[in-house]
Amino acid sequence: QVQLLESGGGLVQPGDSLRLSCTASTPSGTAYAMGWFRQAPGKEREFIAGMSYRGDRLVYADSVKGRFTISRSSTKNTGYLQMNTLKSEDTDIYYCAADSSGSVHEVKTTPGMYAYWGQGTQVTVSS
């Protein structure tokens, strides 16, 4: 069983930046397809950004394209979501997800495609 530990959320002002981290409880060098989602109370979990297992394909939601960047460490067991130019509408609970099934080039964009999830971290953007 893979556990994902998230960190980096917090309260920031509009226009500020944050970087979320997601560390997997697996040996260094173990790769997964990775995704970031966000969810507001009473709403469905929304895809934000994803990276293929190989790391060769990235996909972003239109709402964050050009502002958010997904990446992972050279050891491959830590993923990141760099969030720049944050807006009030980015306020949500953010979740990272990982999965090792399927094509190594596939970017998984729906929650059901991921086997492992982080606990979520709150991001609040407010002046």
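Select Gly-42 in this predicted model. Gly-42 sits in the loop that links β4 (33-39) to β5 (46-51). Turn on the surface: Gly-42 is exposed, at 88% relative accessible area. Then check the backbone. The hairpin of β4 and β5 has six residues between its strands, and Gly-42 there adopts a positive phi near 80 degrees. For a sense of distance, add Leu-5. Its C-alpha is 24 Å from that of Gly-42, with the two positions 37 residues apart in sequence numbering.

Next, select β4. Is this strand enclosed or open? Six of its seven residues are buried, so β4 is largely enclosed by the rest of the structure. Look at its partners, one at a time.

- β5: the pairing with β4 is antiparallel, over five bridges. Zoom in on Arg-38, which faces Glu-46 of β5.
- β9 (residues 92-99): this strand also runs antiparallel to β4, joined by seven bridges. Here, pick Gly-35 and find Ala-97 of β9 opposite.

Now move to Thr-121, in strand β11 (residues 121-125). Is Thr-121 buried or exposed? Its relative accessibility is 11%, and the cut-off for buried is under 20%, so Thr-121 counts as buried. Show its side chain. It reaches the backbone nitrogen of Gly-9 at 3.3 Å.

Finally, display what surrounds Thr-121. Leaving out residues up to four places away in sequence, Thr-121 touches Glu-6, Gly-9, Leu-20, Asp-92, Ile-93 and Tyr-94. Gly-9 is thus on the list of contacts and also supplies the backbone nitrogen that the Thr-121 side chain reaches.

Definitions and conventions
Residues are numbered from 1 along each chain as its sequence is written. This is a predicted model: local features need pLDDT of at least 70, side-chain atom pairs count only at pLDDT 80 or more; totals for chains, interfaces and linings use all residues. Side-chain values use heavy atoms; hydrogens and water are left out. Helices (H or I, at least four residues) and strands (E, at least two) are DSSP runs, numbered from the N terminus. Buried means under 20% relative accessible area, exposed over 50%, partly exposed in between (1.4 Å probe, protein chains only). A polar contact is a pair of N or O atoms within 3.5 Å; within protein, one must be able to donate a hydrogen and the other to accept it, and residues adjacent in sequence count only if both atoms are side-chain atoms. Contact means heavy atoms within 4.5 Å. Two strands pair if DSSP finds at least two bridges between them.
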